[in-house]
Amino acid sequence: MGQRNLWVGLGIAVVWVGITAAATNYDEENVGTYTLPNPLAKTDGGIVTSAKEWMEQRRPEILQLFERHVYGRAPDRPQEMRFKIRNTDAKALEGLATRKEITVLFTGKEDGPGMDLLVYIPNEKTKPVPAFLGMNFYGNQTISGDPGITISKRWARASKEMGIENDRATESSRGKHASRWPVEMILKRGYAVVTVYYGDLEPDHNEGWKDGIRGYYLRQQGKAEFAPDDWGAIAAWAWGLSRAMDYLATDSDIDAKHVAVHGHSRLGKTALWAGAIDDRFSIVISNDSGEGGAAIARRNFGETVADLNRAFPHWFCGAYKQYSADPAKLPIDAHELIALAAPRFVYVASATEDRWADPKGEFLAAKNAEPVFALFGKEGLHADSMPEADRPVGKSIGYHLRTGKHDITAYDWEQYLNFADRAFGR
Ligand code: GCU
C-alpha cells in the first residue's frame, strides 16, 4: 500500500471506530449515577428475609435472569459421558506430583465431542486433596514446562509469543503460561491442580461454535440457529468446568467437596458463571474478570456491555445484545452474580492498571453481594471502601487489588491459597 493510501485507510478506520464505539470512560467524575437492583427484592414484590427464602425463591429467580439475559441456558450433564484415563505418571515434576491425563468423552464415543483434562496430584498426601480447577487459554501444555504433557492439537489463536503457529500449538508453546500457573507452589501447599483448554469446548472466535460443543448440540437438536436465551461461549466453557467436576467427583485422590474454580479475565467471567450454576464448587475465584463478569455493568467505567457485544458477540446469549444501548435495563447486575455463590466462598481480584476491567466496579459488586451472605450469617469483605493496593480483605467474600497490570501472578495465587486454607479450615 502506498503511503497516501495508508493514511486514507487509517483515516477511515478512525472514523469507523469513532462512529461505532463510544469513547471509553476512565474518569470517575463521568461514571454517572445508577441504582443497583436489590438482590433481596423478589419479583412478587416481597423482600427476602431468610436464607431459606433466598435459596428456595430468590436465588432461582436470579439464576434464571442471568440465563435468559446474559449467559444463556446450557444442557444438562450428558447421560452417555465417559472418562478415559489416557496416561498417568507418578513421578512428574521431579517426583512432586502424579500427572494424569483424562479425556472426557461427552457422548461416550471416541470420535465424538470431548475435552482433555490435565490433573496433578501432590504425592505428599495422606488423604484425598482439595483442588484448584481452571481453564487455560492456549492448551494444557502451556501451564508448565513438564515435557510429559500432551500438546493440544486443537485450534488456538495464532501467537508467536505463545508458540502457536498456523492456529496450532507447537513444541515451543510448552510452559509459555507458567507464570500464570505456579503449579509447584500450589502442589506444595497440598492442592491438586486441574486444567482444561477452553478451546476444547469452543474455539474462541465468532464462528467457533461450529466446531464446538454448542454446534454439536444445535445439530443434534436439528436447529439452524440459537434462540435468544441459548448458551453463548462463556456458558459452554462453564459447562466444561462442570463436566471436569463430574470427573473429579470420581477420582479418589480428590476431595471433591473442596474444589475451587478459578479463571482469569474472560475465563474469570466463565468461573463466576460456573460457580453460579454448579454449587459443587465450594470456592469461586474471579481474577480480573471485568465487564460481563465481576464488574458492575451499570457503572460506566472501562469496558461496557456495548464493547463486549461488538468485539465478542459469541460470548453471551443473543438476548444480551439488547442491553448494549442501556445496561441499566438489565434485570440483574454483577453483585447478584457474586451473590449466587452464597453461602459458599467467593473471591474477586482486580489490578491497579487494569482499568478496562474497572477495579472499583469489581469491588462494588463484591460489596453489594454482602446482604445475601448476611442471610447465612456469613461475613463479607470487612471493608467499607475499596482497600489500598496489595491489602487483601474479606471472610466469605475475598477481595484484593494487586499492583500491576491485567494478569494473574504469584501474588494473586498466594492470596487464593491463603483464602482456600481458611475456607477449608486447613
Ligand atoms: C478483552 C475483553 C475483556 C476480557 C479480556 C480477556 O480485553 O474486552 O472483557 O476479559 O479480553 O479475556 O483477556
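Pro 343 sits in the loop that runs from α8 (334-339) to β10 (345-351); helices (H or I, at least four residues) and strands (E, at least two) are DSSP runs, numbered from the N terminus. The peptide bond joining Ala 342 to Pro 343 is cis, with omega at about 0 degrees. This is a predicted model, in which local features need pLDDT of at least 70 and side-chain atom pairs count only at pLDDT 80 or more, while totals for chains, interfaces and linings use all residues. Residues are numbered from 1 along each chain as its sequence is written, and side-chain values use heavy atoms, with hydrogens and water left out.

Next come some loop residues. Glu 94 and Asp 390 each appear below with a positive phi, and neither is a glycine. For accessibility, buried means under 20% relative accessible area, exposed over 50%, and partly exposed in between (1.4 Å probe, protein chains only).

| Residue | Phi | Loop | Relative accessible area |
|---|---|---|---|
| Glu 94 | near 55 degrees | between β1 (82-92) and β2 (97-105) | 85%, exposed |
| Asp 390 | about 65 degrees | between α10 (370-375) and β11 (397-402) | 30%, partly exposed |

Gly 212 belongs to another loop, the one between β7 (192-197) and α4 (213-220). With 8% relative accessibility, Gly 212 counts as buried. Beyond its neighbours within four places in sequence, Gly 212 is in contact with Leu 201, Glu 202 and Pro 203, where contact means heavy atoms within 4.5 Å. From Gly 212 to Pro 327 there are 115 residues in sequence and 29 Å in space, C-alpha to C-alpha.

Now to the helices, starting with α2 (residues 51-71), which holds Arg 58. Is Arg 58 buried or exposed? Its relative accessible area is 4%, so Arg 58 is buried. The side chain of Arg 58 makes a polar contact with the side chain of Glu 61 at 2.8 Å, and it also reaches the backbone oxygen of Pro 39 at 2.7 Å. A polar contact is a pair of N or O atoms within 3.5 Å; within protein, one must be able to donate a hydrogen and the other to accept it, and residues adjacent in sequence count only if both atoms are side-chain atoms. Setting aside neighbours within four places in sequence, the residues in contact with Arg 58 include Asn 38, Leu 40, Lys 42, Val 48 and Glu 336.

Helices α5 (residues 233-248) and α6 (residues 266-277) make a pair whose axes come within 8 Å and cross at roughly 60 degrees. Axes are lines fitted to C-alpha atoms, for helices over the stretch in contact, and angles run from 0 to 180 degrees between N-to-C directions. The two helices are therefore oblique to each other; angles under 35 degrees count as roughly parallel, over 145 as roughly antiparallel, 65 to 115 as roughly perpendicular and the rest as oblique. Among the residues making the contact are Ile 234, Trp 237 and Leu 241 of α5, together with Leu 267, Trp 273 and Ile 277 of α6.

Finally, α11 (residues 410-423) has 14 residues and spans 20 Å from its first C-alpha to its last, close to the 20 Å expected at 1.5 Å a residue. That expected span is 1.5 Å times one less than the number of residues. Its buried residues include Trp 413, Tyr 416, Leu 417, Phe 419 and Ala 420. Their cover includes β4 (129-136), α3 (183-188), β8 (254-264), β9 (283-287), β10 and β11. Gly 425, with a positive phi near 60 degrees, follows α11.
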